[in-house]
Amino acid sequence: DNELMIDTPVTIALADQAQAIAERESSDVETAVANKLLTDPVLGSRNIRVVADDSGNTVALLGTVSTEEEKEQAGRLAVSAFPAGRVRNQLEVQRRL
């Protein structure tokens, strides 16, 4: 039996829709965390990127801050903006001269 099975357009459309929702949720999480960081008088001026994973369950903080305290504060703010997910604080501390 040589049968060719083709996914129905509805299945493909639902998969595309699910991916679009996941991307939108990731973007919403990134925006919420980034906005929270921007409200901080010190961290708002730092070069911090917020990146959500594909599932939107985890965000990573990337970039540099000047002190360990700034790194810790960024982590706290990210958790407060995204309490239902995980935060990976990958910020590097580079002391300014």
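What pattern does the chain follow when read along the sequence? The order is α-β-β-α-β-β. The model is predicted. Its chain holds two helices and four strands.

**Overall figures**

The chain has 97 residues, and buried residues make up 24% of them. The accessible surface comes to about 6,800 Å². Carbon and sulfur atoms account for 51% of that surface. Among contacts with a separation of 6 or more, 61% join residues 24 or more positions apart.

**The nonpolar core**

The largest nonpolar core has 15 residues. Those with the most contacts inside it are Val33, Leu37, Leu43, Ile48, Val59, Leu61 and Ala74. Four elements each supply at least two core residues: α1 (9-38), β1 (47-52), β2 (58-65) and α2 (68-81). Ala74 shows how the parts meet. Residues up to four places away in sequence aside, Ala74 touches Leu37, Leu43, Ile48, Leu61 and Leu91.

**Strand pairing and crossover**

Strand β2 pairs with β3, which spans residues 86-89. The sense is parallel, and the pairing runs over four bridges. One bridge can be named: Val59 has Val87 in β3 as its partner. Between these two strands the chain passes through α2. This β-α-β crossover is right-handed.

**The start of β2**

Thr58 sits in strand β2. Is Thr58 buried or exposed? Its relative accessible area is 11%; under 20% counts as buried, so Thr58 is buried. Beyond residues up to four places away in sequence, Thr58 touches Val51, Ala52, Asp53, Phe82, Arg86 and Arg88.

Asn57 lies in the loop between β1 and β2. Asn57 is partly exposed, at 46% relative accessible area. With neighbours within four places in sequence left aside, Asn57 is in contact with Phe82, Gly85 and Arg86. Phe82 and Arg86 thus appear in the contact lists of both Thr58 and Asn57.

Two C-alpha separations add to the picture. Asn57 and Val87 are 30 residues apart in sequence and 8.8 Å apart in space. Ser27 and Gly56 are 29 residues apart along the chain, and their C-alpha atoms are separated by 8.2 Å. Ser27 belongs to helix α1. With a relative accessible area of 34%, Ser27 is partly exposed.

**The salt bridge**

How many salt bridges does the count come to? The count is one. Side chains of opposite charge can pair when their charged atoms come close. Here the side chains of Glu70 and Arg46 meet, at 2.9 Å from N to O. Glu70 lies in helix α2 and Arg46 in the loop between α1 and β1, so the pair ties together parts that are 24 residues apart in sequence. Glu70 counts as buried, because its relative accessibility is 11% and the limit is under 20%.

**Accessibility by residue**

The table collects the residues discussed above.

| Residue | Relative accessible area | Class |
|---|---|---|
| Ser27 | 34% | partly exposed |
| Asn57 | 46% | partly exposed |
| Thr58 | 11% | buried |
| Glu70 | 11% | buried |

Asn57 in the loop is partly exposed, whereas Thr58 in β2 is buried. Ser27 in α1 is partly exposed, while Glu70 in α2 is buried.

Methods: Residues are numbered from 1 along each chain as its sequence is written. This is a predicted model: local features need pLDDT of at least 70, side-chain atom pairs count only at pLDDT 80 or more; totals for chains, interfaces and linings use all residues. Side-chain values use heavy atoms; hydrogens and water are left out. A nonpolar core is a set of buried Ala, Val, Leu, Ile, Met, Phe, Trp, Tyr and Cys residues joined through side-chain atoms within 4.5 Å. Buried means under 20% relative accessible area, exposed over 50%, partly exposed in between (1.4 Å probe, protein chains only). Contact means heavy atoms within 4.5 Å. Two strands pair if DSSP finds at least two bridges between them. A crossover is right-handed if, with the strands pointing away from the viewer, the path from the first strand over the helix to the second runs clockwise. A salt bridge is a side-chain nitrogen of Lys or Arg within 4 Å of a carboxyl oxygen of Asp or Glu. Accessible areas come from the Shrake-Rupley method with a 1.4 Å probe; for residues, only the protein chains shown count as cover.
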